[in-house]
Each structure stands twice: as C-alpha cells, then as structure tokens.
Amino acid sequence: MAGRLEDKTAVITGGANGLGRACAEQFAAEGAAILVADLLPEPGRVTVEAIEAAGGQARFIELEATDQAANEAVAAAAVKTFGGIDILVTAAGISSGDYLSGDTERGLKRMQQMAEATEINPAAALLDLDLDDWRRVIDVNLTGTLLAIQAAGAVMVDQARGGAIVTIASVAAVDPLWGAPSYPVSKAGVWMLTKNASRTLAPLGIRVNAIGPGFIETNMTAVFDQTEDYRNLILGNTPMGRFGKPHEVADLALYLASSESSYITGELIHPDGGWFTG
Ligand SMILES: NC(=O)c1ccc[n+]([C@@H]2O[C@H](COP(=O)([O-])OP(=O)(O)OC[C@H]3O[C@@H](n4cnc5c(N)ncnc54)[C@H](O)[C@@H]3O)[C@@H](O)[C@H]2O)c1
C-alpha cells in the first residue's frame, strides 16, 4: 500500500531530537525522503540511521537556524539530493538562551538559579531578564522559523507544485505560562508568522499551519519531569493527566503535511491533553 507521503521530500529543522525526530521517522515511514537539518550532528546521524534501518530514505545536514545562508544551503541540499521540497517542518527550537538539547544538568542548574533569583525578587524572571537570553530565544525560535520558511518557500514557489509547511509553536503561543517572557513571545510570533505566511502563500498552493503542543516527553521537558513542583503544576493543568508522546505531535504534523488536510491553512492546532481550551 502506498504511504501517505509517497514521492514527497521533507525538510525537518530540529530533526535530530524530540518532536522533529518523531516527524522525520513517521514521515519516512509514509514514504517521504527526509533531510534532517540540525545544530547537533551526532543525534542527527542517529536519526538518519534509525530511518534507514526501518527502510526509509534520509540525509543529515548541519544547520544553525539563525543563519540565513545555512538555511539556503539546506534548501539547496534538498533540491540536489532529493530533487525538491514538498514539506517543511520547523522544529528547531530552544526554551532558554543557553538551552542545549540533551544537557538536562544544564537545564536543572538554570532552573535552580531562577528559583533562587525569584526568592530574592519575585519579578526577577521579567525585570532581570538577560537581554542576550531574550535575543537568542527570539532569534532561534522566531527568526529561525522565518528563515527556514523563506528558504524552503522559495524552492516550493519555483517548483510550482504547491507544498505544506508545518511550524512548531506551543501552547505558550496563547498562554503566557510562567517565568521569562522570551519563550511565549517567540511562540506567539511563530503563530502570527504562520498566519501571515499562510495568506501570502495560499494562492500559490502552499499551505502553512502551526502546531501548538502542550508538554511532550522530549529533552526540552526533561527538566520539568524531574522537578516535582513543576511536574505537579503541569499535570495539574493537563486534564488528561499526563505528558504527551512525540508521536502524538508527529501524527498531527503528518496530517497537516499530507493531502488529507488539503483545505486547511493558517491554523494553530494543539495536541496538549486539554491544556488550552480557548
Ligand atoms: N517538548 C515540548 O513539550 C514542546 C512543547 C511545545 C513546543 N515545543 C517546541 O517543539 C520544538 C522541538 O522541541 P523538542 O521538545 O523536540 O526539543 P528537543 O530539544 O528534543 O529538540 C529540539 C531540536 O532543535 C535543535 N536546535 C536547537 N537550536 C537549534 C539551532 N539554533 N539550529 C538548529 N537546530 C537547533 C536541537 O539540536 C534539537 O535537536 C521546539 O521549537 C519547542 O519549543 C516543544
């Protein structure tokens, strides 16, 4: 039986870990050729090997999401290696300026420092926010999404055969959550960028939708899962009473990337166990 993405090529930024990796594996299982683009070559290699071992087709390319030339090089590599781009998923993202996927110790230390600063000044997360930290989060999450859309979008427009772009926002696009404003503001930006891009690209047959996950079990949320107060806070606000699994986000990405969602564009959909119901 033909897969749902047979003969398609997908570029997945942040494809080495977590949600991007789940998308890469599920899309490949449905017949797409995958270009995994990520800052981290080692987990990128592991992802490609897992896809190949399952009978799929994938390559890795290094990407710093904030670098325009690097995004253009990713798009050019997809054309050279697989003949074009039909799907883009923008899953490269960070939760704080110094976030490094897989370095949970660093994340826990950061949370400890934040808790201590908040003890002294309850408004520290906002008033003492480091400007470099703010800039890096906005740069990677928001500007990185723009650059990926521009590079892959230009290829899709040239090809003149339509396309599907799926951005990864967050429930934080519509819920300020807690702590520093950088992350929710970056994700609200991704949401509006998605809506704006969907209007521009719809006449060209390119659909652009956003996914706004709740709390999903990845490297990014490991710090919450391992901190009792946060874990209780998150589970208490999630009516389904559990963290989500990466494949539960990839299932939605697959739907949005495939022709099953052919009349849907400009939407933000939340796989979040009921967190956001507005
Ligand atoms: N896990 C969740 O609960 C959750 C919820 C809502 C939104 N998100 C968003 O989903 C996306 C994926 O997060 P995840 O949970 O899979 O985390 P993750 O850490 O498992 O994966 C993120 C990937 O992005 C890559 N990346 C980070 N900065 C990069 C850069 N500058 N250039 C290129 N690649 C870079 C990392 O190397 C990593 O492979 C992020 O945008 C995140 O904000 C996650």
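## Close-up views of a ligand and its salt bridges

**View 1. The shell around the ligand holds 18 nonpolar, 10 polar and 4 charged residues.** Welcome to this predicted model. In total, 32 residues surround the ligand. Look for Asp38, Tyr99, Ser101, Tyr183 and Thr218, which are the closest. Three helices also take part: α1 (18-29), α6 (131-159) and α7 (182-201) each give at least two residues to the shell.

**View 2. Nitrogen atoms of the ligand have polar partners in the protein, including Ala65.** A polar backbone atom of Ala65 sits 2.9 Å from a ligand nitrogen. Leu39 also contributes a polar backbone atom, here 3.3 Å from a nitrogen atom of the ligand. With Arg136 the partner is a polar side-chain atom, and the distance to a ligand nitrogen is 3.5 Å. How much of the ligand's 820 Å² does the protein bury? Taken alone, the ligand exposes that full area, and the protein buries 98% of it.

**View 3. Glu260 and Arg4 join distant parts of the chain.** Their side chains form a salt bridge, with N and O 2.8 Å apart. Glu260 belongs to the loop between α10 (246-257) and β7 (268-269), while Arg4 belongs to the segment before β1 (9-13). Along the chain, 256 residues separate the two. Are these partners buried or exposed? Glu260 has a relative accessible area of 43%, so this residue counts as partly exposed. Arg4, at 37%, is partly exposed too.

**View 4. Within helix α2 (residues 41-53), Glu42 pairs with Arg45.** The closest N and O atoms of this salt bridge are 2.5 Å apart. Count along the helix from Glu42 to Arg45 and you travel 3 residues, which is about one turn. Glu42 is partly exposed, with 44% relative accessibility, and Arg45 is partly exposed at 38%. Now bring Glu49 into the picture: Glu42, Arg45 and Glu49 are linked in a network of salt bridges.

**View 5. Glu248 and Arg242 form another salt bridge.** Here the closest N and O atoms lie 2.8 Å apart. Glu248 has a relative accessibility of 27%. The cut-offs help you here: buried means under 20% and exposed means over 50%, with partly exposed in between. Glu248 therefore counts as partly exposed. Arg242, with a relative accessible area of 37%, is also partly exposed. How many salt bridges does a search of the whole structure find? The search finds 12, so there are others for you to explore.

Technical notes
Residues are numbered from 1 along each chain as its sequence is written. This is a predicted model: local features need pLDDT of at least 70, side-chain atom pairs count only at pLDDT 80 or more; totals for chains, interfaces and linings use all residues. Side-chain values use heavy atoms; hydrogens and water are left out. A residue is near a molecule or strand if one of its heavy atoms lies within 4 Å of it. A polar contact is a pair of N or O atoms within 3.5 Å; within protein, one must be able to donate a hydrogen and the other to accept it, and residues adjacent in sequence count only if both atoms are side-chain atoms. Accessible areas come from the Shrake-Rupley method with a 1.4 Å probe; for residues, only the protein chains shown count as cover. Helices (H or I, at least four residues) and strands (E, at least two) are DSSP runs, numbered from the N terminus. Ala, Val, Leu, Ile, Met, Phe, Trp, Tyr, Cys and Pro count as nonpolar, Asp, Glu, Lys and Arg as charged, and the others, Gly among them, as polar. A salt bridge is a side-chain nitrogen of Lys or Arg within 4 Å of a carboxyl oxygen of Asp or Glu. Buried means under 20% relative accessible area, exposed over 50%, partly exposed in between (1.4 Å probe, protein chains only).
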